[in-house]
Amino acid sequence: VLEAVKNGKRSLDQMITAGDTAWQGLDTTSSNQNIKVGEEMSVEDLLYCLMVASANEAANILAVAVSGSIESFVEQMNNEAARLGCTGTHFVNPDGMPDVNHYTTARDLYKIAKAAMANSTFRKIVATPEYYVEPTNMTETRRHFFNTNGLLSNKKYLGYYYENCIGIKTGSTDAAGYCLLSAAQKDGQTLICVMMGCENPKDA
């Protein structure tokens with residue numbers, strides 16, 4: 001998405017209308033911001049919904065906005081993964097929901113993260129502890145959500161805050177377990193950590 005912004009094909013302030021495929025492959029039990037079909041939101045707000053609040057429907061909406069269809073966007077995802085040298089990755093959707101043909105490795109996630117963190121807008125988004133989305137054409141109140149990465153602040157999860165953390169993203173399904181792709185910066189050095197298949201930190 002940010003490549004499309006960089007290339008001038010989309011802009012952060014461009015308004016996007018959620019189409020019929022917004023909830024394709026999803027249900028209300030998956031992480032979401034209850035973005036409704038027909039609701040209008042900017043590309044920037046959709047990115048924050050996706051990367052800060054883990055709103056899966058935002059991934060589908062952005063995919064269509066960039067590539068015209070979810071399937072075309074997934075093809076771009078796989079092409080980009082191959083370009084980055086990912087040899088153990090294959091995507092079938094933009095939201096990460098389980099599928100036997102949807103998989104990756106810790107090494108590949110590191111490669112993807114390193115490339116993504118080279119984008120200043122991406123770095124800003126994934127380091128954001130909390131965010132507000134103003135009322136839309138279909139909501140009367142503004143959305144307020146906290147980053148699902150407990151290393152960034154104590155506002156959602158207590159006991160994990162790390163002052164040098166600069167991102168990046170959480171993810172969890174029954175099949176994958178609890179996963180965290182994180183980054184920290186100190187004394188001019190940046191480290192990226194990939195944790196996969198972990199237990200729920202609340203239960204550990």
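**Exercise 1. Find how much surface the chain exposes, and what share of it carbon and sulfur atoms supply.**

Solution. In this predicted model, the chain exposes about 11,300 Å². Carbon and sulfur atoms supply 50% of that area. Turning to the interior, buried residues make up 41% of the 204 residues.

**Exercise 2. Decide whether the radius of gyration of the chain agrees with that of a compact globule.**

Solution. Start with the expectation: for 204 residues, a compact globule would have a radius of gyration near 17 Å. The chain has 16 Å, so the two agree. For the outer dimensions, take the box filled by the C-alpha atoms along the principal axes, roughly 40 × 40 × 35 Å.

**Exercise 3. Work out which aromatic rings form a cluster, and classify each ring pair.**

Solution. Let's take it pair by pair; the structure holds two aromatic pairs.

Step 1. Tyr48 and Tyr131 lie 3.8 Å apart, centre to centre, with 0 degrees between their planes. Planes under 30 degrees apart count as stacked, and this pair is stacked. Tyr48 belongs to helix α2 and Tyr131 to strand β3, so the pair ties together parts 83 residues apart in sequence.

Step 2. Tyr131 also pairs with Phe145, at 6.0 Å centre to centre and 40 degrees between the planes, which is a tilted arrangement. Phe145 sits in strand β4, so this pair joins parts 14 residues apart in sequence.

Step 3. Put together, the ring pairs link Tyr48, Tyr131 and Phe145 into a cluster. Tyr48 and Tyr131 are buried, and Phe145 is buried too.

**Exercise 4. Identify the residue that lies over the face of Tyr132.**

Solution. Look above the ring: Arg142 lies over its face, 3.9 Å from the ring centre.

Definitions and conventions: Residues numbered from 1 in each chain as written. Predicted model: local features only at pLDDT ≥ 70, side-chain atom pairs only at ≥ 80, totals over all residues. Heavy atoms only, no water. Phe/Tyr/Trp six-rings, centres within 6.5 Å; stacked < 30°, edge-to-face > 60°. Helix = DSSP H or I, 4+ residues; strand = E, 2+ residues; numbered from the N terminus. Buried < 20%, exposed > 50% of the residue type's maximum accessible area, 1.4 Å probe, protein only. Lys NZ or Arg CZ within 6 Å of the ring centre and 35° of its normal. Rg over C-alpha atoms; globule rule 2.2 N^0.38 Å. Areas by Shrake-Rupley, 256 points an atom, 1.4 Å probe, with all protein chains shown as cover.
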